[in-house]
Amino acid sequence: MRKALLLAALAAAPSLAAAETRCGWIHNPTPANWWLTDADGDWVLMLQGGEGVPGMDLIPDLTEGEWVRTNGWYGYGCACMEVETAGGAVLAILGFEQLPLSRCEADPALPPPS
């Protein structure tokens with residue numbers, strides 16, 4: 001009975017995940033390392049040796065747009081992403097748009113790319 005009540009309560013509870021748009025510097029400094037830096041800090045998308053969040057396949061070849069190379073093909077650019085977040089972490093990428101570098105450079109809330 002307790003288990004049934006717990007399952008019913010969990011099913012009725014609102015999801016803790018939220019979809020939101022995050023814009024800032026998209027970093028891919030080395031193979032399989034990805035994060036977004038926006039006005040609220042860093043949002044890890046993938047770390048080498050682990051799996052990326054669902055939706056990583058929505059990130060196109062960023063070197064075809066405005067991309068600053070810092071290590072061969074690796075580097076950073078500017079982007080907006082529709083993401084699902086919870087607890088200060090990205091759970092999934094729902095959409096991705098690469099932006100001109102000038103968009104992030106002009107945003108006073110963003111730190112300079114590193």
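User: How many salt bridges are there in this predicted model?
Analyst: Let's go looking for opposite charges. Side chains of opposite charge can pair when their charged atoms come close. In this predicted model, a pair counts when a side-chain nitrogen of Lys or Arg sits within 4 Å of a carboxyl oxygen of Asp or Glu. By that rule, the count comes to three.

User: Okay, which residue forms a salt bridge with Glu 20, and how far apart are the closest N and O atoms?
Analyst: Glu 20 brings the carboxyl oxygen, so the partner has to bring a nitrogen from Lys or Arg. That partner is Arg 22, and the closest N and O atoms are 2.6 Å apart.

User: Is Arg 22 buried or exposed?
Analyst: The cut-off for buried is under 20% relative accessible area. Arg 22 has a relative accessible area of 11%, so Arg 22 is buried.

User: Which residue in strand β2 forms a salt bridge with Arg 22?
Analyst: Here the closest N and O atoms are 2.8 Å apart. The pair links distant parts of the chain, with Arg 22 in strand β1 (residues 18–28) and the partner in strand β2, 16 residues apart. The partner is buried, as is Arg 22. The residue in question is Asp 38.

User: Which residues are joined into one network by salt bridges that share partners?
Analyst: We still need one more pair: Asp 40 forms a salt bridge with Arg 22, and the closest N and O atoms are 2.5 Å apart. Asp 40 sits in the loop between β2 and β3, 18 residues from Arg 22 in strand β1. At 58% relative accessibility, Asp 40 counts as exposed. Join up the salt bridges that share partners and you get one network of Glu 20, Arg 22, Asp 38 and Asp 40.

User: Zooming out, what pattern does the chain follow along the sequence?
Analyst: Start with the pieces: the chain has two helices and six strands. Now put them in order along the sequence, with α for a helix and β for a strand. The pattern reads α-β-β-β-β-β-β-α.

User: In β6, what is the bridge partner of Val 83?
Analyst: Strand β5 (residues 74–86) and strand β6 (residues 89–99) pair in the antiparallel sense over nine bridges. They form a hairpin with two residues between them, and Gly 87 in the turn has a positive phi of about 60°. Look across to β6 for the partner of Val 83, and you land on Ile 93.

User: Which elements give two or more residues to the largest nonpolar core?
Analyst: In soluble globular proteins, nonpolar side chains tend to be buried together. The largest nonpolar core here has 17 residues, and those with the most contacts inside it include Ile 26, Trp 34, Met 81 and Ile 93. The elements giving two or more residues to this core are β2 (34–38), β3 (41–46), β5 and β6.

User: How many residues are in the other core?
Analyst: This core lies apart from the largest one. Among its members are Cys 78, Cys 80, Leu 99 and Leu 101. The number of residues in it is eight.

User: What kind of aromatic pair do Trp 25 and Tyr 76 form?
Analyst: A search of the whole structure finds one aromatic pair. Trp 25 lies in strand β1 and Tyr 76 in strand β5, so the pair ties together parts that are 51 residues apart in sequence. The ring centres are 5.5 Å apart with 85° between the planes, and planes over 60 degrees apart set the type. That makes the pair edge-to-face.

User: Is Tyr 76 buried or exposed?
Analyst: Its partner Trp 25 is buried, with a relative accessible area of 2%. For Tyr 76, the relative accessibility is 16%, and the cut-off for buried is under 20%. So Tyr 76 counts as buried.

User: How far apart are the C-alpha atoms of Glu 105 and Gly 24?
Analyst: Glu 105 has its place in helix α2 (residues 101–105). At 57% relative accessibility, Glu 105 counts as exposed. Glu 105 and Gly 24 are 81 residues apart along the chain, while their C-alpha atoms are separated by 9.3 Å.

Methods
Residues are numbered from 1 along each chain as its sequence is written. This is a predicted model: local features need pLDDT of at least 70, side-chain atom pairs count only at pLDDT 80 or more; totals for chains, interfaces and linings use all residues. Side-chain values use heavy atoms; hydrogens and water are left out. Two strands pair if DSSP finds at least two bridges between them. Helices (H or I, at least four residues) and strands (E, at least two) are DSSP runs, numbered from the N terminus. A nonpolar core is a set of buried Ala, Val, Leu, Ile, Met, Phe, Trp, Tyr and Cys residues joined through side-chain atoms within 4.5 Å. Buried means under 20% relative accessible area, exposed over 50%, partly exposed in between (1.4 Å probe, protein chains only). Rings of Phe, Tyr and Trp (its six-membered ring) pair if their centres lie within 6.5 Å; planes under 30 degrees apart count as stacked, over 60 as edge-to-face and the rest as tilted.
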